[in-house]
Amino acid sequence: MANLRRVRKVMRSMPTIEGAGVHLKRVFGFRHVPELDPFLLLDDFHSEKPGDYVMGFPWHPHRGIETITYVLQGKVRHEDSLGNKGVIRPGELQWMTAGSGIIHQEMPEGDKNGILWGFQLWANLPASHKMMNPRYQEIKSNIVPELFMEKGLKIRIICGEVNGIEGPVREIITRPEYLDVTVPPAEKFFHRTVPGYAVFAYVIEGSGNFDREKDTCTFEVEGERYLDPAVDCMIEKENLVFYGDGDSIEVTAGERGVRFLLVAGKPIGEPVAWYGPIVMNTQAELKTAFEEYRKGTFIKHP
């Protein structure tokens, strides 16, 4: 029998401002380390007002992490100190391994109606790979497999494997899984997960129940208190569901259906020293990184 994961915590995303003045929702961040190890941060940028995002994220450094940008509406222009440049369009993503160091900028643009919607996830790198060569995996929409399953269930496989079909992002150190899942009204989604891995779901449309024991609401709630036990503990959009351990999850969609990002990864279990866009293992390594940035010796692999 399956050992279903139980919901451990529900966290509501909170408004914040990043970059040169980008208004977004911070789903989780610094204070949730190490409970979401190997993941460090998730931001949801969604607006119909260009003034909320046009200032973008001008030139800034990264070291020791991977940043994963996934766009649903609008686009994000990017370029970096290694000479890479491009545009991330709807349904596309960029998996950037900063490794030993990269300096880049990301400048969002809305669609013809001024709408921008996307996500950025930060994943940590283990000490053994923090100083690896930087690299990009830029993924176009037409190479992301879409599974159209029975009863209208749809899965976009960005990273990981479902029913023998593997996503285009591969050879990632923490062996992550990243799925975009849509479940029609009142239908169920069952999915196997690796025991011991961190697993979370972020609801982006509709609502659903993420725990088979839906009549208990025993999980912790962080942020705004919005739950009403009388409505079957449905989790609405802009909320993150963090699971306890197990080998599978089960989600039942609400009356409007539900769409969510499902992410899993192998915990690293190492100390985290984090300041701004640089994440290392020790304060000494952080100091070295910022000294190199000031001296102009930050980039190791031109």
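Two strands are taken to pair when DSSP finds at least two bridges between them. In this predicted model, strand S5 and strand S10 meet that condition, with four bridges between them in the antiparallel sense. One of the bridge partnerships links His62 to Ile102 of S10. Another links His60 to His104 of S10.

S5 and S10 belong to an open sheet of four strands. The order across this sheet is S5-S10-S7-S8. Its pairing is antiparallel. The edges are formed by S5, residues 57–62, and by strand S8, residues 85–88. Each of these edge strands pairs on one side only. Neighbouring strands of the sheet are turned by 25° against each other on average, direction ignored.

In the order of this sheet, S10 stands between S5 and S7. S10 covers residues 102–109. Strand S7, residues 75–80, is joined to S10 by six bridges. These two strands also run antiparallel. Here Asp80 has His104 of S10 as its bridge partner. His104 is also the bridge partner of His60. His104 therefore has a bridge partner in His60 as well as in Asp80. How much of S10 is buried? Six of its eight residues are, with buried meaning under 20% relative accessible area. S10 is therefore largely enclosed by the rest of the structure.

A second open sheet holds seven strands. They follow the order S2-S3-S4-S11-S6-S9-S12, and the pairing is again antiparallel. Strand S2, residues 14–18, lies at one edge, and strand S12, residues 135–139, lies at the other. Both edge strands pair on one side only. The average turn between neighbouring strands of this sheet is 20°, direction ignored. At the S12 edge, five bridges connect S12 to strand S9, which spans residues 93–97. S9 and S12 run antiparallel. Leu93 has Ile139 as its bridge partner in S12.

An unreviewed UniProt entry places the feature "domain: Pirin N-terminal" at residues 22–122. Over that range the chain is 0% helix and 60% strand. The C-alpha atoms at the two ends of the range are 17 Å apart.

Several backbone features lie in loops. Most residues other than glycine have a negative phi, and most peptide bonds are trans. The loop between strand S3 (22–28) and strand S4 (39–47) contains Pro34. The peptide bond from Val33 to Pro34 is cis, with omega near 10°. Pro38 is found in the loop between S3 and S4 as well. Asp37 and Pro38 are joined by a cis peptide bond, and its omega is about 15°.

Two residues other than glycine take a positive phi in loops further along the chain. Arg175 has phi near 50°. This residue sits in the loop between strand S16 (165–166) and strand S17 (177–183). Is Arg175 buried or exposed? Its relative accessibility is 56%, so Arg175 counts as exposed, the cut-off being over 50%. For Glu238, phi is near 65°. Glu238 belongs to the loop between strand S21 (235–236) and strand S22 (239–243).

Helix H1 comprises 13 residues, 283–295. At 1.5 Å a residue, H1 should span 18 Å. Its end C-alpha atoms are 18 Å apart, which agrees with that expectation. Which residues of H1 are buried? They are Leu286, Ala289 and Glu292. These residues cover an arc of only 130° around the axis, so they lie on the same side of H1. An α-helix has 3.6 residues a turn, so residues three or four places apart point the same way. The buried residues of H1 are covered by elements including strand S24 (273–275) and strand S25 (278–280). The face of H1 turned away from the buried side carries exposed residues. These are Gln283, Ala284, Lys287, Arg294 and Lys295. Just after H1 comes Gly296, with a positive phi of about 85°.

Note on methods: Residues are numbered from 1 along each chain as its sequence is written. This is a predicted model: local features need pLDDT of at least 70, side-chain atom pairs count only at pLDDT 80 or more; totals for chains, interfaces and linings use all residues. Side-chain values use heavy atoms; hydrogens and water are left out. Axes are lines fitted to C-alpha atoms, for helices over the stretch in contact, and angles run from 0 to 180 degrees between N-to-C directions. UniProt positions are given in the numbering used here, feature names are shortened, and annotations may be inferred rather than shown by experiment. Buried means under 20% relative accessible area, exposed over 50%, partly exposed in between (1.4 Å probe, protein chains only). The expected span of a helix is 1.5 Å times one less than its number of residues. The arc is that of the directions from the helix axis to the C-beta atoms. Contact means heavy atoms within 4.5 Å.
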